[in-house]
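Got the viewer open? Let's walk through this one stop at a time, selecting as we go.

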Amino acid sequence: MTHVLGIETSCDETGVAVVADGQRIVAAEVASQIDIHARFGGVVPEIASRQHTECISQLVQAVIEEAQVRIDAVAATIGPGLMGSLLVGVSFAKALALSWDVPFVPVHHLEGHLFSAFLADPPPEFPFLALIVSGGHTCLVHCERPHHYQMLGTTRDDAVGESFDKVARLLDLPYPGGPSIQRAGAEGDDQAVTFPRPMTGKSDGLDFSYSGLKTAVLYELRDRGGVVADLAASFQAAAVDILLIKTRQAIEETGADRLVAAGGVAANRLLRERLTSELDIPVHVPPLSLCVDNGAMIAAAGHSRLMHGMAGDMRAAPTPNLPLS
Ligand code: KG4
Ligand code: ZN
């Protein structure tokens, strides 16, 4: 059995986990900084990196003690993300790899999100179409085989998670916006306002645009006011609808017969329900705890890289805007 320690510090969660054979979580810890950043309404980079520095050694120690196994490789998120935050995880992972004399495995954050699906039962089989939706990314990716990705569409402006966060701020709901909009919207009428679904015409391709939707909420609020629950529900309906329209279009264009949805926004209840009930291909969505940033997804992706001879590059440096392919 191969055990990989995974470390995720690209944004505001310090995630550490040991995963066996890329599929089974042996031990995992996540220290969230949500409460610290919430009072600023979003992530403050300098505070994020300091928090990672403060808690990473305790988390690693806790996970190693709980796992009680020999570690075969140490994986860490190499990018994209906040430079200071990435540096903490990567430096720590390299130091551990050196002292244990095992390979260091750099992992792309979005590849980590993809591999969170392999921690669920049943794991997906390649090839598949992936919808990765998070605070920093909204993309459709054709995943031909492990570590070979073709970006089919991405956001032209705001990411979908970012739009949840920004709209939450407009509605005076707490950070992070996704869960608060879901909560507020649960009591609201999702047809109270018909918000636009920008760039969803067939000829618009597979790219996304979310900034117009956010602006539409801003104008609605400014011009007509309205009930927060209704605005939240109506915004969520539009945001999720856009994802469904684009995903359906990508399935048609690529003939994909399997979908993986991952990333923080894949924790959204409406999105999960619609993807699993409306598409006529198998849909793999990781459990809620593995949608938001965590160490296990990085360990799972790191395991696959290790198995494919893609580990051991000590020169790999944190890269804030690292592309996937
Ligand atoms: O993947 P993630 O933890 O971090 C990034 O890689 O960005 O995603 C965080 C994003 C945030 O924008 C948050 O508002 C959103 O995921 N999110 C949600 C939900 N839970 C988290 N968005 C919609 N509905 C949710 N339930
Ligand atoms: Zn993420």
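Which atom of ligand 1 lies 3.1 Å from a polar side-chain atom of Q182? Show ligand 1 and Q182 as sticks and check: the partner is a nitrogen atom of the ligand. Keep in mind as you click around that this is a predicted model.

**Stop 1: the ligand's polar contacts**

Stay on ligand 1 and add D165. An N or O atom in the D165 side chain sits 2.8 Å from an oxygen atom of the ligand. Now add G264, with its backbone shown. Here a backbone N or O atom is 3.0 Å away from a ligand oxygen. Switch on a surface next: on its own, ligand 1 would expose 550 Å², and the protein buries 90% of that.

**Stop 2: the shell around the ligand**

Select everything within 4 Å of ligand 1. You should pick up 20 residues, and the closest are H109, G135, D165, G178 and N268. Colour the selection by class and you get seven nonpolar, 11 polar and two charged residues.

Which elements give two or more residues to this shell? Turn on the cartoon and look at α4 (109-115), α5 (160-170) and α6 (177-185). Of the shell residues, four come from α6, the largest share.

**Stop 3: the largest pocket**

Hide the ligand for a moment and look at the space it takes, which is the largest pocket. Its volume is about 1,000 Å³. To find the middle, select S134, G135, G136, D165 and Y175, the lining residues nearest the pocket's centre. Altogether, 36 residues line this pocket.

Back to the cartoon: α4, α5 and α6 give two or more residues each to the lining, and so does α10 (288-291). Which element has the largest share of this lining? Click on α5, which supplies six residues. By class, the lining splits into 13 nonpolar, 16 polar and seven charged residues.

**Stop 4: the second largest pocket**

Keep Q182 selected, since this residue also belongs to the lining of the second largest pocket. Add the rest of that lining: G185, A186, G188, D190, A233, Q236, R269, L270 and E273. The volume here is about 160 Å³.

At least two lining residues come from each of α6, α8 (228-254) and α9 (269-278). Put a separate colour on α9, which gives the most, with three residues. Colour by class again and count three nonpolar, four polar and three charged residues.

**Stop 5: backbone oddities**

Most residues other than glycine have a negative phi, and most peptide bonds are trans. Here are some spots to inspect with that in mind.

- Select Y175 and P176: the peptide bond between them is cis, with omega about -5°. P176 is in the loop between α5 and α6, and Y175 is one of the residues nearest the centre of the largest pocket.
- Go to D121 and P122, which are also joined by a cis peptide bond, with omega about 0°. You'll find P122 in the loop that runs between α4 and β6 (128-133).
- Finish at D101, which is not a glycine yet has a positive phi of about 55°. Look for D101 in the loop between α3 (83-100) and β5 (104-108).

Note on methods:
Residues numbered from 1 in each chain as written. Chains lettered and ligands numbered in written order. Predicted model: local features only at pLDDT ≥ 70, side-chain atom pairs only at ≥ 80, totals over all residues. Heavy atoms only, no water. Polar contact = N/O pair within 3.5 Å; in protein donor to acceptor, adjacent residues only side chain to side chain. Areas by Shrake-Rupley, 256 points an atom, 1.4 Å probe, with all protein chains shown as cover. 1 Å grid on protein atoms, 1.4 Å probe; cavity = no way out; pocket = protein on both sides within 12 Å on 5 of 7 lines; lining within 4 Å. Sits in = over half its atoms within 2 Å of the grid points. Nonpolar A, V, L, I, M, F, W, Y, C, P; charged D, E, K, R; others polar. Points joined across faces, edges and corners; volume = space filled by probe spheres on them.
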